[in-house]
Amino acid sequence: MVIPKVVDHWPRVISGLQRIGSAVPKPFLEHVLSGMLNHVLDAELRRHKLDFLQQQWVRIEVPDLELIFSVTVVGSAHRARLRASMQPQQASVTMRGNSASLLLMMSGQVDPDTLFFRRKLLIKGDTELGLQVKNLLDTIELEGRLPAPIYRATQQTAALILANPELR
């Protein structure tokens, strides 16, 4: 099975993702990140649950992937969209976590509070805004938002990371 092999070779997977990320043009990464976020968070955007991000940037740092990007909400209340930027932005809050911790959070297998209190998810800057983002993330269920094979792979990988504490 592929997923156990991915977890068995997690450091090499992360290293490969770093190389890919550094080789891909930043405008393309921005486009892909924006598209993925808008797809996954479409329901929240339509219900105006992300309006608190209008004119505010949230910086996301994933140190083991050497990935740093910022996210904001742009557009009118009628059709707000998330915009990701690989360029430095004046962020109101910075959220930082390694890829394994973020995957555990995205999969729903570990809640953001647990990661926060274990110092696996760090929030710097406007703590109130950071907590709003963290609390919103805690309510999102990815099942049905991601293609089924990607959702299953995410769940299986997260379960194996949980079973291997040295990866967390």
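A residue is taken as buried when its relative accessible area is under 20%, and in this predicted model 39% of the 168 residues of the chain meet that criterion. The accessible surface of the chain amounts to about 9,700 Å², with carbon and sulfur atoms contributing 58% of that area.

The secondary structure consists of 8 helices and 5 strands, which follow one another from the N terminus in the order α-α-α-α-β-β-β-β-α-α-β-α-α. The chain is as compact as a globular protein of its length, because its radius of gyration of 16 Å is close to the 15 Å that the globule rule gives for 168 residues. The C-alpha trace extends over about 45 × 35 × 30 Å along its principal axes. Among the contacts in the chain with a separation of 6 or more, 67% are accounted for by residues 24 or more positions apart.

With respect to charge, the chain carries 20 positive and 16 negative side chains, and a distance of 4 Å separates the centres of the two sets.

At the level of a single residue, Glu44 is located in helix H4, which comprises residues 42–46. The relative accessibility of Glu44 is 2%, and this residue therefore counts as buried, given that the cut-off for burial lies at 20%. When residues up to four places away in sequence are not counted, the contacts of Glu44 are with Lys49, Leu50, Leu136, Ile140 and Arg145.

Conventions. Residues are numbered from 1 along each chain as its sequence is written. This is a predicted model: local features need pLDDT of at least 70, side-chain atom pairs count only at pLDDT 80 or more; totals for chains, interfaces and linings use all residues. Side-chain values use heavy atoms; hydrogens and water are left out. Helices (H or I, at least four residues) and strands (E, at least two) are DSSP runs, numbered from the N terminus. Buried means under 20% relative accessible area, exposed over 50%, partly exposed in between (1.4 Å probe, protein chains only). Contact means heavy atoms within 4.5 Å. The radius of gyration is taken over C-alpha atoms; the globule rule is 2.2 Å times the number of residues to the power 0.38. Accessible areas come from the Shrake-Rupley method with a 1.4 Å probe; for residues, only the protein chains shown count as cover. Lys and Arg count as positive and Asp and Glu as negative; His and the chain ends are not counted. The place of a charge is taken as NZ of Lys, CZ of Arg, CG of Asp or CD of Glu.
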